[in-house]
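Here are some short exercises to work through with the model open beside you. Try each one yourself before you read the solution.

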Amino acid sequence: MGLSIGAHVDRDDPIGEGRARSADLVQFFLGDPQGWKAPVVPDLGDTSGLDLYVHAPYVVNVASSNNKIRIPSRKILANHAEAAAGIGAKGLIVHGGHVTKGEDLSVGIENWVKTFERMPCPLPVLIENTAGGDHALARRFDALARLWDAVGGYDGVGFCLDTCHAHAGGEDLLDVVDRAKAITGRIDLVHCNDSRDAFDSGADRHANLGSGQIDPDLLVAVVAAAGAPVVCETPGGVEGQTADISYLRSHLPS
């Protein structure tokens, strides 16, 4: 059995969308990715043959020192974790967040610690590396190492490696898996995305495999080395994502 490979799909009918792509897994939101509303759990029906992953809203930033962002971020992260666990999801993916200009990263790291001190993880919460920002906790791997030293020991905390984010964030993909595992000890999920923009651009713009700035052979090598389930968060709907899934299946070592 090879790696489980799937795609990020629309939340209205994630199971149907997954089957249309011949996917092994689907990732989706449980609400508006740019909003603060409570998660809405869809009627999924028969999920047999499909693993489920949920992505937390993009607005979540538990690292923030701004009470109006940090406090609702903690609440909505906990709500989404409970809802995701309730549908049997394998993990909840959340971005590492950032601090405000002029603040040391230690402020954000301490806020992450307080989050996991107060929030039991009913399923794996997978912190994802991000593409942009000079004050991000999970863009540069030296910052990620500081974060992981503080939170990596909590039950349920895992890591999601995004290839576009690493490339755009200035982290070389040639040895990214080894370096990530040296920090986190694990890779629980891979977001396999090409990048529209150049190395270290800081731009989070995904592209279909082979149509962006990353050598597709390198993307395959990263996926193979990571050995974790794979989500293609690429454009093009059913056609574009089916092609990306097929490309990985046909190029990964059997």
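**Exercise 1.** Does H8 count as buried or exposed, and at what relative accessibility?

*Solution.* Keep in mind that this is a predicted model. Start by finding the residue: H8 sits in strand β1, which covers residues 5–8. Next, take its relative accessibility, which is 18%. The cut-off for buried is under 20%, so H8 counts as buried.

**Exercise 2.** Find which residues H8 touches, leaving out those up to four places away in sequence.

*Solution.* Begin with the contact list: H8 touches Q27, F28, F29, H55, V231, C232, E233 and Q241. Then pick out a side-chain pair from it: H8 and Q27 are joined by a polar contact of 2.8 Å. Finally, look at D162, which is 154 residues from H8 in sequence and 13 Å from it in space, C-alpha to C-alpha.

**Exercise 3.** Describe the surroundings of H191 and name the side chains that make polar contacts with it.

*Solution.* First, place the residue: H191 belongs to strand β7, residues 189–191. Second, check its exposure: the relative accessible area of H191 is 0%, so it is buried. Third, look for polar partners. The side chain of H191 has a polar contact of 2.7 Å with that of Q27, and another of 3.1 Å with that of E233. Fourth, widen the view to residues beyond four places in sequence: H191 touches Q27, H55, I93, E128, C160, L161, D162, T163, V231 and E233. To link this with the previous exercise, note that Q27 also has a side-chain polar contact with H8.

**Exercise 4.** Work out where L144 lies and what it touches.

*Solution.* Start with the helix: L144 is part of α4, residues 141–151. Then turn to exposure: L144 has a relative accessible area of 0% and is buried. Now list its contacts, again leaving out residues up to four places away: L137, A138, F159, I183 and T184. As a last step, try a distance from C-alpha to C-alpha: V94 and L144 are 14 Å apart in space, with their positions 50 residues apart in sequence.

**Exercise 5.** Walk along helix α7 from its start to the residue that follows it.

*Solution.* At the start, a side-chain oxygen of D215 comes within 2.9 Å of the backbone nitrogen of D217. Along the helix, which spans residues 216–226, the buried residues include L218, L219, V220, V222, V223 and A226. After the helix comes G227, which has a positive phi near 65 degrees.

**Exercise 6.** Step back and ask how the radius of gyration of the chain agrees with that of a compact globule.

*Solution.* Count the elements to begin with: the chain has eight helices and 10 strands. For 254 residues, a compact globule would have a radius of gyration near 18 Å, and the chain has 17 Å, so the two agree. Along the principal axes, the C-alpha atoms fill a box of roughly 45 × 40 × 30 Å. Burial comes next: 52% of the 254 residues count as buried. For contacts between residues at least 6 apart in sequence, 74% join residues at least 24 apart. Now the surface: about 10700 Å² is exposed, with carbon and sulfur atoms supplying 48% of it. Finish with charge: there are 21 positive and 34 negative side chains, and the centres of the two sets are 8 Å apart.

Terms used. Residues numbered from 1 in each chain as written. Predicted model: local features only at pLDDT ≥ 70, side-chain atom pairs only at ≥ 80, totals over all residues. Heavy atoms only, no water. Helix = DSSP H or I, 4+ residues; strand = E, 2+ residues; numbered from the N terminus. Rg over C-alpha atoms; globule rule 2.2 N^0.38 Å. Buried < 20%, exposed > 50% of the residue type's maximum accessible area, 1.4 Å probe, protein only. Contact = heavy atoms within 4.5 Å. Areas by Shrake-Rupley, 256 points an atom, 1.4 Å probe, with all protein chains shown as cover. Lys, Arg positive; Asp, Glu negative; His and termini not counted. Charge placed at Lys NZ, Arg CZ, Asp CG, Glu CD. Polar contact = N/O pair within 3.5 Å; in protein donor to acceptor, adjacent residues only side chain to side chain.
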